[in-house]
Amino acid sequence: MAAYKPVVVPACPKLGEKITQDTLYWRGYKTPVQMKEFGAVSKIDFSPVPPYNYAVTASSRIHIYGRYSQEPIRTFSRFWHAAYCATYRDDGRLLVAGSEEGTISLFDVSGKAALRQFKGRTKPVHLVGFLSDKYRVFSGGDDYSSTLWDIPSATEITSYSEHTDYVRCGCASKVNADVFVTGSYDHTVKLFDARTKSSVMTIEHGHPVENVLLFPSGGLLVSAGGRYVKVWDVLKGGQLLVSLKNHHKTVTCLCLNSSGQRLLSGSLDRHVKIYSTTSYRVVHSFNYATSILSLALSPEDETLVVGMTNGVLNVKHRKPEEKNEDSQKKRQPAYRTYVKGRTYMPKQEDFCVSKPVKRALRKYDKLLRSFQSSKALDAVLEPPIMLHTPEVTVAVMQELHRRGTLRSALAGRDEKQVNLLLTFVARRVIEPRFTPVLVTVADMITDIYQPVVGQSAVVDKQFLKLQQAIGKEIDCQEELLEVLGMMDTLFATFTKKGDTCLEENKSNGVAEIIETNRNF
């Protein structure tokens, strides 16, 4: 008896993912390293100077990690309650952070105790940062105010009370030492100048603002709130350039890469989207396990750190660029192992004996080999196979039809099994790759179960769905045939016009030749 040959499942072509330079670049980040913090990671900030350590704010602690360290190299934990928004100064020597009790603490990165404490606020301070002159600090909190502080004297310089809700985000201009931006839950973004007593620009975002970001040039401002990321032209008085809606939950964080050509946004929908700042289209995206609260990219774009609501810190490093093989010498083994015949290559006259490889048969193949047609069909009608690999189900149906046992396999089924069969056929019969087989299956089901129509509401409903699906497909085919006829008519018209023009050119050429001969 000949050996059983498994059912051949036809491989259907699939549209592959478009591979771009951005795809290859962002895929270059290695498998992430995950670290657990004491609470939700609300802020991540990289030091602007080598070795590019980064500060992580979570719960009542601020941890400083090295680029490749999996344990904090320094911890600031002298907070009574939660700490917020730990941010480095441009020289990487000082760190400022807000707190739940309303105080602002200034730390030396190499020390432990606070160098300065700015007091005067009674409500939580969620926003702190340095102005680019390095001697002033700006802050914002739940008292709706934005404040400037002097570092040497630890005193308040000025305060702005223009927001009407919590101030939760902000940033300072790197071009002008007096300009900083704040975003609030009152749906507005305000631009302040320390030389004036009020804001110089107000932008309506339309949703509670979770994060703001200034481009290095200072001419463009990015705001994130709700599901939207919006880009504004500051030099044109806050004109809206583009509104991006690629997330389906609140966008919580933003950052730029070192060149400013890519914008990254993190959201509660567990995705990080990467946009091109020239076309503002998504060029790549990362998927994470839980909602994202913060993200940061190192100044050299080598490390991507993402903080999540469950306290997990996700760190990805880029793979180092491959060096030339000539410059990289391979290390020789300390000892050599010789195996007889290991490097032997068979000659032409040699006879090679290969061990036959046993193939493990699928469940439906085993049932088909033992001629159990009905059970084989049941095996491929299981939900995982029908949903994810429908081509396997159709291939088994085609094999049963080739054997002549498809009708017997479809017959004798109860209400639930008939409902499952009709659901699959009605959903997949309009797919061109399955239509030839499933039309035959639909005809057989209709013939077999026609006498019981009207006895089950569930089965009747599925028959109606099948009828509607086939009717819609026939209507689409008729419309396509009409369009095809119109296109054929147009193409025929274009062809006639081209022939006429060609004949005119030929006649003109002959006339010109005759006139030239007459001149001679």
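This report looks at the salt bridges and the main nonpolar core of a predicted model.

Residues are numbered from 1 along each chain as its sequence is written. Because the model is predicted, local features need pLDDT of at least 70 and side-chain atom pairs count only at pLDDT 80 or more, while totals for chains, interfaces and linings use all residues; side-chain values use heavy atoms, with hydrogens and water left out.

Let's start with charges. The structure has 18 salt bridges, each being a side-chain nitrogen of Lys or Arg within 4 Å of a carboxyl oxygen of Asp or Glu. Among them are these three:

| Pair | N to O distance |
|---|---|
| Arginine 67 – glutamate 300 | 3.6 Å |
| Aspartate 178 – arginine 195 | 3.4 Å |
| Glutamate 431 – arginine 433 | 3.2 Å |

Arginine 67 and glutamate 300 sit 233 residues apart, so to speak in distant parts of the chain. Arginine 67 is buried at 18% relative accessible area, whereas glutamate 300 is partly exposed at 47% (buried is under 20%, exposed over 50%, partly exposed in between, with a 1.4 Å probe and protein chains only).

Aspartate 178 is buried too, at 15%, but its partner arginine 195 is exposed at 56%. Both belong to a salt-bridge network with Asp133, Arg136 and Asp193.

Now the core: the largest nonpolar one has 37 residues, and Leu377, Met397 and Leu410 are among those with the most contacts inside it. Such a core is a set of buried Ala, Val, Leu, Ile, Met, Phe, Trp, Tyr and Cys residues joined through side-chain atoms within 4.5 Å.

Terms used: Helices (H or I, at least four residues) and strands (E, at least two) are DSSP runs, numbered from the N terminus.
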